[in-house]
Amino acid sequence: MTLQQIEKLRKELDLINDQLLELLNRRAEIVQQIGRIKKENNLPFYDPEREQEMFEKLTEKNSGPFSDETIVHLFKEIAKASLKLQEKETEEQLLVSREMKKEDTKIVVGDLVIGGKIPVMIAGPCAVESREQMKAVASELNRLGVSFLRGGAFKPRTSPYSFQGLGREGLRLMREVADEYGMKVVSEVMSAEQLELAEEYVDIFQIGARNMQNFELLKEVGNAKKPVLLKRGFMATLEELMLAAEYIYARGNTQIILCERGIRTFEHWTRNTLDLSAVPILKLKTHLPVIVDVSHSTGRKDIILPISKAALAAGADGLMVEVHNNPAIARSDAHQQLNLEEFASLMEGLGLIKKNKSGC
Ligand code: PRE
Ligand code: MN
């Protein structure tokens, strides 16, 4: 008898649940409409005053048996879920989002691919210093099957008195050396003027961590016809990185590679804290290839092999590593650059030598 009573009451609850479900989703549709209007008018989704007003109206009408606190708690949860719905819809609308494009974006540079099946290695010195240096590094990279040569010609240094790079001369000689070995050039640009100048020499423009939110520069590279390697700012969230990529993509340049390079935390045994979760998260949220800069994130050579392995295991499409023929006399980032033997053993340790040789 008792069981039958419960059964009957549960049927009643089932009916109410159905009604609640319908009402909740009807409410959600209206929330979406409000969200779209707010977005069009650049209004924040979160409106605590409106929520407060809503809770007051509800508690005034509340005649129990739920307490006012419980009612407020339940409706707060509804408002929280509503807010998420509004935010998610905006996120899904981003051109760089996985929702907008299911397939992975592949960056094609000549006969090479970034974001394909084989991880790529982008290596070279922190800064271009001389032809001898670039030749020594490039010839060893080429021997190991690395096809992407990096090197800074414009250096964003913390101190204005530190070496600022060789500028156009650096780009010119890096291009010459790269051509000798059939390699591709990756180099950082910091302004629209530098972009114009570098266009002639580089295959991939790098936007450095410090410029991740230099929106005018992002718009400029968005108009460019070459791929862009966009580094995460050391104080930037993944959402901000995605939005920075959107600036470039929205202008028509869809060839973007995202780069995790560590974020600033209280930890000082590494230069930055490598946020490895960024790799699978970015791959879930966006369709763009993701690489990891293992040199600037850690700032130390002794952990480069396990960190590189971890980055690849997390799904990175490639690695960026600083390599110098004589790190002791490097004009920037001397302590973190691998020498040629160290780099060869890293490649060996990662089992990348053959793969990179056969072309990516
Ligand atoms: C809603 C959602 C989020 C806001 O923080 C406030 C209220 C809600 O779910 O009621 C709807 C809404 O966006 C709004 O009324 O402005
Ligand atoms: Mn460097």
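These legends walk through a few close-up views of a predicted model.

**View 1. Eight strands close into a barrel.** Start at β3 and go round: the order is β3-β4-β5-β6-β7-β8-β9-β10, and the pairing is parallel. As a reminder, strands of a sheet pair through backbone hydrogen bonds, either parallel or antiparallel. If you look at how the strands sit against each other here, neighbours are turned by 25 degrees on average, ignoring direction.

**View 2. Strands β9 and β10 pair up in the parallel sense.** Here we zoom in on one piece of the barrel. Strand β9 covers residues 290-293, strand β10 covers residues 318-322, and three bridges link the two. Want one pair to look for? Find Asp 293, then hop across to β10, where Met 320 is its bridge partner.

**View 3. Helix α12 lies across β3 and β10.** The helix is made of residues 340-350, and β3 of residues 120-124. Helix α12 runs at about 170 degrees to β3. To place these two strands, go back to the barrel order, which is written with β3 at one end and β10 at the other.

**View 4. Ligand 1 sits among 14 surrounding residues.** Arg 27, Lys 38, Asp 47, Glu 51 and Gln 86 are the closest of them. Which helices help build this shell? α1 (2-40), α2 (48-61) and α3 (68-92) each bring at least two residues to it. Sorted by type, the shell has seven nonpolar, two polar and five charged residues.

**View 5. Oxygen atoms of ligand 1 meet Asp 47, Glu 51 and Ser 82.** For Asp 47, it's the backbone that takes part: one of its N or O atoms lies 2.9 Å from a ligand oxygen. Glu 51 uses its side chain instead, with a polar atom 2.6 Å from an oxygen of the ligand. Ser 82 also joins in through its side chain, where an N or O atom is 3.2 Å from a ligand oxygen. How much of ligand 1 does the protein cover? On its own the ligand has 360 Å² of accessible area, and the protein covers 93% of that.

**View 6. Two loops hold backbone details at Pro 65 and Asn 42.** Most residues other than glycine have a negative phi, and most peptide bonds are trans. In the loop between α2 and α3 you'll find Pro 65, joined to Gly 64 by a cis peptide bond with an omega of about 5 degrees. Asn 42 belongs to the loop between α1 and α2. Asn 42 isn't a glycine, yet its phi is positive, at about 55 degrees.

Methods: Residues are numbered from 1 along each chain as its sequence is written. Chains are lettered from A and ligands numbered from 1 in the order in which they are written. This is a predicted model: local features need pLDDT of at least 70, side-chain atom pairs count only at pLDDT 80 or more; totals for chains, interfaces and linings use all residues. Side-chain values use heavy atoms; hydrogens and water are left out. Two strands pair if DSSP finds at least two bridges between them. Helices (H or I, at least four residues) and strands (E, at least two) are DSSP runs, numbered from the N terminus. Axes are lines fitted to C-alpha atoms, for helices over the stretch in contact, and angles run from 0 to 180 degrees between N-to-C directions. Contact means heavy atoms within 4.5 Å. A residue is near a molecule or strand if one of its heavy atoms lies within 4 Å of it. A polar contact is a pair of N or O atoms within 3.5 Å; within protein, one must be able to donate a hydrogen and the other to accept it, and residues adjacent in sequence count only if both atoms are side-chain atoms. Accessible areas come from the Shrake-Rupley method with a 1.4 Å probe; for residues, only the protein chains shown count as cover. Ala, Val, Leu, Ile, Met, Phe, Trp, Tyr, Cys and Pro count as nonpolar, Asp, Glu, Lys and Arg as charged, and the others, Gly among them, as polar.
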